[in-house]
Amino acid sequence: MTLMKLNRKKFLFIGCSTIKKNAALFRLLLARYLVQERHEVHLLLEDDPVNRDWVAKKIPGVQTHYLSVKPLLELVIERRRLIKQIQPDIVHILGIGVQNVLTMPILSKPSSPVYIPDLDELMSAKASSLARRLLNRYLEEQALRISQTVICASQFLVEHLSHRHGRDRNQFLELPYAYDPESFATCQLLADKIRSNYRHRKIVVYMGTLCKEYQSDQVLKLAENMQEYRQNLVFLIIGNGSNFNLNKQWVLQRKLGDFVFFLGYIPEDNVSSYLKAADVLLFPIKDNRQNKARCPNKTFQYIAANRPIVTNKVGEVERALGSDAYYYDFDSIESFKKAVIAALADSHHYTSSRPLSLYTWEKRTIDYQRWLSNIGLI
């Protein structure tokens with residue numbers, strides 16, 4: 001990674017939950033390249049075996065501080081104590097939630113670190129109840145009031161929040177998600193084995209959280225509509241979620257158990273093999289305010305797999321995929337089916353035109369450091 005000469009700084013990344021449940025923690029891969037640039041990097045994470053294993057494998061050279069699950073007040077006090085002990089120059093807050101916003105100081109002192117909230121969703125548009133929407137709106141307002149610098153995962157978020165708060169757009173960094181080349185470096189052997197398990201059948205893969213808000217049920221309706229292809233086709237569903245058991249029951253009731261397979265959560269390094277093994281990757285995403293604000297992490301994992309992608313023209317997904325994707329009308333299962341059939345026909349000779357080097361975490365770290373340099377923080 002080549003950058004202008006920069007002052008070495010001490011970074012602290014703070015995240016909630018686990019890498020298995022919270023995609024925002026994939027942002028921690030920025031730390032790998034900050035360490036290579038000889039910055040001092042600390043992580044403050046929930047103490048969980050999944051987190052410990054992932055950090056040890058993926059981010060050598062960082063100093064990680066693990067906190068056990070505690071009541072909210074105790075957790076915030078412990079976090080603030082560690083911040084005071086570490087004395088970072090920059091505190092990068094991964095996601096806007098109660099824990100993270102309360103960790104940020106209401107009043108900053110001249111000796112305080114710079115706090116940078118990192119938003120990957122418009123939480124006030126996501127909540128199902130009015131009370132939750134109001135709480136999320138308050139958390140967004142509070143985070144932006146405290147901090148003069150903000151990272152957003154989408155162009156929509158940058159434009160929406162800078163306009164809503166009357167802020168200079170230069171105070172915002174648009175930093176989409178990315179993919180990790182290391183996860184794809186050795187995946188072909190397992191991919192070939194996966195393909196052999198299904199012999200002559202083509203493989204259609206959906207990866208994502210199984211819940212109503214992420215439109216995973218549309219994949220099941222598609223499978224039901226494509227039963228005439230069940231001898232030559234198989235659907236693999238990767239991921240957990242609140243609808244996991246309900247979706248499995250739905251498939252069994254319709255006697256689709258030999259056509260639609262639920263694989264559950266698969267670790268990142270193995271999931272790349274399933275993506276590479278696919279003939280087609282599915283990515284239904286509804287065109288609404290919530291999804292325009294998102295930058296789904298799997299967008300770039302899908303791109304790295306170099307397989308045909310069937311999706312919708314929405315926000316960061318369309319910006320990343322451009323003309324490479326097979327788009328369909330979200331409200332029409334028949335349109336979805338036609339797009340999948342077209343993608344399957346092209347799968348044998350498909351090659352993405354996307355320049356993969358632009359979608360790596362190394363490239364995102366270059367952009368991150370350049371922005372920090374431009375605003376005078378490094």
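Me: How many of the 8 residues of α1 are buried in this predicted model?
Reply: In this predicted model, helix α1 is mostly covered. The residues of α1 that count as buried are L29, L30, A31, R32, Y33 and L34. Out of the 8 residues in the helix, the number buried is therefore, with buried meaning under 20% relative accessible area, 6.

Me: What covers the buried residues of α1, and which helix in that cover has the highest number in its name?
Reply: The cover over the buried residues of α1 includes the strands β1, β2 (40–46) and β4 (90–94). Helices also take part, including α2 (49–58), α8 (181–184) and, with the highest number in its name, α17.

Me: Are α1 and α17 roughly parallel or roughly perpendicular to each other?
Reply: Helix α1 spans residues 29–36 and helix α17 spans residues 361–374, and their axes lie 9 Å apart. The two helices pack at an angle of about 70°, and the crossing is right-handed. Because angles of 65 to 115 degrees count as roughly perpendicular, the arrangement of α1 and α17 is roughly perpendicular.

Me: Which residues of α1 and α17 make the contact, and how many of the contact residues are nonpolar?
Reply: From α1 the contact is made by L29, L30, Y33 and L34, while α17 brings W361, E362, R364, T365, Y368 and Q369. Sorted by class, the contact has 2 polar and 2 charged residues, and the number that are nonpolar is 6.

Me: How many residues make up the largest nonpolar core, and how many the second, separate one?
Reply: In the largest nonpolar core, the residues that touch the most other members are F11, F13, L28, L43, Y368 and L372. One of these, L372, is in contact with F11, I90, I116, L377 and I378 when its neighbours within four places in sequence are left aside. A second, separate core includes L220, M226, F259 and Y326. The largest core has 70 residues, and the second has 29.

Me: Is N22 buried or exposed, and what is its relative accessibility?
Reply: N22 sits in the loop between β1 (10–14) and α1, and, apart from its neighbours within four places in sequence, N22 is in contact with C16 and S17. Since buried means under 20% relative accessible area, N22 counts as buried, with a relative accessibility of 18%.

Me: Where does R38 lie, and what is its phi?
Reply: R38 is placed just after α1, in the loop between α1 and β2. With a relative accessible area of 63%, R38 is exposed. Although R38 is not a glycine, its phi is positive, at about 70°.

Me: Is N306 buried or partly exposed, and what is its relative accessible area?
Reply: N306 lies in the loop between α14 (298–305) and β12 (309–311), and it has a positive phi of about 60° although it is not a glycine. Because partly exposed is the class between under 20% and over 50%, N306 is partly exposed, with a relative accessible area of 25%.

Me: What separates the C-alpha atoms of L139 and H42?
Reply: L139 lies in helix α6 (residues 130–146) and is buried, with a relative accessible area of 5%. Not counting residues up to four places away in sequence, L139 touches I96, G97, V98 and V101. L139 and H42 are 97 residues apart along the chain, and the separation of their C-alpha atoms is 25 Å.

Conventions: Residues are numbered from 1 along each chain as its sequence is written. This is a predicted model: local features need pLDDT of at least 70, side-chain atom pairs count only at pLDDT 80 or more; totals for chains, interfaces and linings use all residues. Side-chain values use heavy atoms; hydrogens and water are left out. Axes are lines fitted to C-alpha atoms, for helices over the stretch in contact, and angles run from 0 to 180 degrees between N-to-C directions. Helices (H or I, at least four residues) and strands (E, at least two) are DSSP runs, numbered from the N terminus. Angles under 35 degrees count as roughly parallel, over 145 as roughly antiparallel, 65 to 115 as roughly perpendicular and the rest as oblique. A crossing is left-handed if the near helix is turned anticlockwise from the far one by less than a right angle, and right-handed if clockwise. Contact means heavy atoms within 4.5 Å. Ala, Val, Leu, Ile, Met, Phe, Trp, Tyr, Cys and Pro count as nonpolar, Asp, Glu, Lys and Arg as charged, and the others, Gly among them, as polar. A nonpolar core is a set of buried Ala, Val, Leu, Ile, Met, Phe, Trp, Tyr and Cys residues joined through side-chain atoms within 4.5 Å. Buried means under 20% relative accessible area, exposed over 50%, partly exposed in between (1.4 Å probe, protein chains only).
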